[in-house]
Amino acid sequence: MIAGRLRFETSHATEFVDVTKLVRQEVHRSGLRTGRVHLQSLHTTLGLAINENEPLLLRDFQRLLERLAPGDAGYEHDDFARRFEITIDEPVNGHAHCRQLLFTGFATLLVEEGELVLGRWQSVFAVELDGPRHRELAMQLDGDFEPLSPTGRGRGSGAWASTDSELIEIELARQLMVDPDPVAVPMRRLMEAGGKRLRPKLVQLASQIGPRHDALRAASLAAAVELLHNATLVHDDYVDESTHRRGRPTVAAAEGAERAIAVGDYYFAKATRLIAEIGNIGVTSTMADALEAICAAQIDDVALRGAFPGDHDSYLRVVRGKTAALFAASCASGALLSEAPLDVVEALRRFGDLLGVAFQMADDMVDFSPSSGKPVGLDIRQKVLSLPLIYAAEDRSVGPEVRRLLAGSLGDEEVGRVTALVTSSDALQRVGDEARGLVDAAVRELESIELDGLRPTLVGIARSAVDRTA
Amino acid sequence: MNVQVLDRELDRLEGLWEQGLSDTYRSYLETVSDREPEVQPKLALAAALIEVGIRLQGLGGHAAPATTLLMGDLCLARASRLLADNATQAVQVAFAKAIEGLSAAAASGKPSRPVRELLVHVFSATA
């Protein structure tokens with residue numbers, strides 16, 4: 001039995017927070033093969049539900065809740081003159097408690113073959129009814145767990161196992177432990193706040209393909225890639241004037257621009273050193289090329305904000321540099337490390353490139369998802385290149401209004417209107433289709449190469465990278 | 001030294017070259033005169049890009065505006081690639097450690113050695 005808590009922040013009064021991915025990560029991390037995950041809300045205004053994560057349906061649910069327990073119906077619970085032991089900040093939330101009666105506070109999910117048993121359209125939601133707040137779900141996992149393997153291949157040959165993820169976390173912790181506090185503390189805060197660790201996973205998986213698999217060297221490279229990725233985020237957040245990332249203040253917001261620049265530089269340098277110390281010329285060169293592509297694309301990205309929202313070609317050019325370059329380099333460098341054949345290295349590089357573009361498209365869609373846990377419309381406010389906005393601006397029906405709004409100053413009202421226009425158009429559908437098409441193309445790149453049983457895991461990662469809303 | 005060999009390496013940095021990067025580059029050429037002739041310009045440019053990049057970013061001083069920071073980032077990334085393609089492992093590691101030291105000092109608000117002095121020392125220590 002493993003017990004823990006799922007912690008997250010909500011951002012709206014009523015919000016369907018999709019926690020499927022969080023739960024899935026916990027299952028993978030635990031090594032649970034066959035068993036159950038029990039979830040329990042620790043709040044009287046937070047429910048649980050299993051349903052479809054479709055934005056319009058989630059709005060239907062919200063309207064249903066409003067009809068069944070209107071916010072302004074008058075609740076005895078809110079009559080503070082008649083209540084005892086109320087706190088000074090007692091919320092007016094009788095409606096939220098009544099709405100919670102419509103949900104369950106408990107859920108048990110089945111796990112088979114190390115994966116949650118969910119139907120194609122099923123997602124697990126924590127339903128916020130009185131937000132925004134910090135929320136917790138109690139979680140217990142019981143059943144048959146996979147034994148840890150000293151080889152780092154605990155889930156059978158060729159798969160990315162919980163021990164691999166543990167190796168990355170241990171290596172990251174080890175690296176941060178020896179760094180000076182003024183740089184290590186902000187970076188640790190950023191990395192502990194989450195992150196999907198997709199790039200290091202790709203490194204580790206690809207490093208199992210060739211004849212010279214070395215789990216420790218792969219973990220070292222994977223950790224360096226993750227540090228490099230986070231170093232770019234620290235500078236990006238300063239450039240984008242972002243105040244929060246992964247639910248926490250950015251380094252620039254919390255500690256100032258000067259510190260953010262120093263932290264980014266430190267981990268940029270440290271990552272390149274760790275990569276150089278591995279001593280594989282192909283790996284060093286691949287990662288250096290990727291870093292250069294990222295920086296060049298970031299300059300293009302900012303330059304294109306003058307022509308916001310831009311066009312499809314510009315979008316692809318920027319995204320291939322900003323996001324896909326590191327995905328491609330992660331795949332290729334892992335394979336190079338294991339001395340995989342050149343055709344395999346190049347196929348994996350193309351796989352990573354396509355996956356990276358698809359990942360960014362899915363990330364763009366999250367900006368329009370009220371259940372993502374991120375503030376809706378952030379990309380619009382920051383004038384960040386975003387494919388749904390590009391498609392909405394091209395749309396015959398909503399395009400003229402979208403373009404007019406984006407050309408002006410963007411306050412809350414305008415951002416809300418643009419979000420509504422994008423959501424009402426077929427832009428999100430188009431982006432979703434395009435992202436899935438890219439994943440299909442990425443998967444096809446794997447068909448002609450020998451992957452030592454890794455194909456299902458790589459395909460699974462690719463599919464899950466675009467099938468997300470949180 | 002023939003600057004044409006650096007054409008590819010100056011892509012997007014032509015403006016900086018005119019604004020002083022070329023002088024910084026020349027100042028490092030002498031430092032690398034003991035290296036293989038074909039890599040001397042690449043190593044000198046890498047060092048110059050690190051010096052100019054850090055200055056552009058405002059590391060250890062006032063933070064640069066966003067667009068200037070990004071140009072500084074590109075300088076560091078280009079330098080990193082030049083080193084990856086042309087320097088020994090020892091030089092790559094030593095340069096990275098130099099930037100780590102400068103960044104850590106900046107984050108701590110402590111003074112550090114002048115960048116050029118530090119980078120020249122890196123070359124001499126790894127000769």
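**Talking through the model**

Colleague: What makes strand 2 and strand 7 of chain A count as a pair?

Modeller: Strand 2 and strand 7 (residues 123–128) of chain A are joined by 4 bridges and run antiparallel. This is a predicted model, by the way. Pairing takes at least two bridges, so the 4 found here are enough to call them paired. To see the match on screen, look for F16(A), which stands opposite V127(A) in strand 7 of chain A.

Colleague: What order do the 3 strands of that open sheet in chain A follow?

Modeller: The order is 2-7-4, with antiparallel pairing. Strand 2 (15–18) and strand 4 (46–51) of chain A are the edge strands.

Colleague: Why are strand 2 and strand 4 of chain A called edge strands?

Modeller: Each of them pairs on one side only. As for the twist, it averages 30 degrees from one strand to the next.

Colleague: Over to strand 3 of chain A. How do you know that strand 3 and strand 8 of chain A pair?

Modeller: Count the bridges again: strand 3 (residues 32–41) and strand 8 of chain A share 9, in the antiparallel sense. With a cut-off of at least two, those 9 bridges make a pair, so the call holds. T34(A) stands opposite D144(A) in strand 8 of chain A. Strand 3 of chain A also runs antiparallel to strand 5 (residues 106–112) of chain A, with 6 bridges joining them. There, L39(A) stands opposite A107(A).

Colleague: Next, Q100(A). Why is Q100(A) called buried?

Modeller: There are 22 other C-beta atoms within 10 Å of Q100(A). The cut-off is 20 or more, so Q100(A) makes the buried class. Q100(A) is found in helix 3 (residues 94–100) of chain A. Setting aside its neighbours within four places in sequence, the contacts of Q100(A) are T44(A), T45(A), G47(A) and L129(A). Q100(A) also comes to 8.5 Å from V127(A), C-alpha to C-alpha, with their places 27 residues apart in sequence.

Colleague: Then there are R197(A) and E339(A). Is the phi of R197(A) positive or negative?

Modeller: Positive, about 55 degrees, although R197(A) is not a glycine. The residue sits in the loop between helix 5 and helix 6 (198–206) of chain A. E339(A) isn't a glycine either, and its phi is about 60 degrees. E339(A) is in the loop between helix 11 and helix 12 of chain A.

Colleague: How do you know whether R197(A) is buried or exposed?

Modeller: R197(A) has 21 C-beta neighbours inside 10 Å. Buried starts at 20, so R197(A) counts as buried.

Colleague: And what makes E339(A) partly exposed?

Modeller: Its count is 15 C-beta neighbours inside 10 Å. Buried needs 20 or more and exposed needs 12 or fewer, so 15 puts E339(A) in between, as partly exposed.

Colleague: Which peptide bond is cis at P132(A)?

Modeller: The one joining G131(A) and P132(A), where omega is about -5 degrees. P132(A) lies in the loop between strand 7 and strand 8 (134–145) of chain A. The bond from F308(A) to P309(A) is cis as well, with omega near 10 degrees. P309(A) is in the loop between helix 10 and helix 11 (312–337) of chain A.

Colleague: What makes helix 12 of chain A mostly covered?

Modeller: Of its 25 residues, 20 are buried. Helix 12 (residues 342–366) of chain A reaches 36 Å from first C-alpha to last, close to the 36 Å expected at 1.5 Å a residue.

Colleague: On to chain B. Why is chain B called as compact as a globular protein of its length?

Modeller: Its radius of gyration is 14 Å, and the globule rule gives 14 Å for 127 residues, so chain B is as compact as a globular protein of that length. Chain B has 5 helices and 0 strands. Its C-alpha atoms fill a box of roughly 40 × 30 × 20 Å along the principal axes, and 50% of the 127 residues count as buried.

Colleague: Last one: which element of chain A gives the most to the side that touches chain B?

Modeller: Helix 9 of chain A, with 15 residues. The contact takes 33 residues from chain A and 31 residues from chain B. By class, the chain A side has 19 nonpolar, 6 polar and 8 charged residues.

Key. Residues numbered from 1 in each chain as written. Chains lettered and ligands numbered in written order. Predicted model: local features only at pLDDT ≥ 70, side-chain atom pairs only at ≥ 80, totals over all residues. Contact = placed C-beta atoms within 7 Å. Nonpolar A, V, L, I, M, F, W, Y, C, P; charged D, E, K, R; others polar. Axes fitted to C-alpha atoms, helices over the stretch in contact; angles between N-to-C directions. Rg over C-alpha atoms; globule rule 2.2 N^0.38 Å. Expected span 1.5 Å × (residues − 1).
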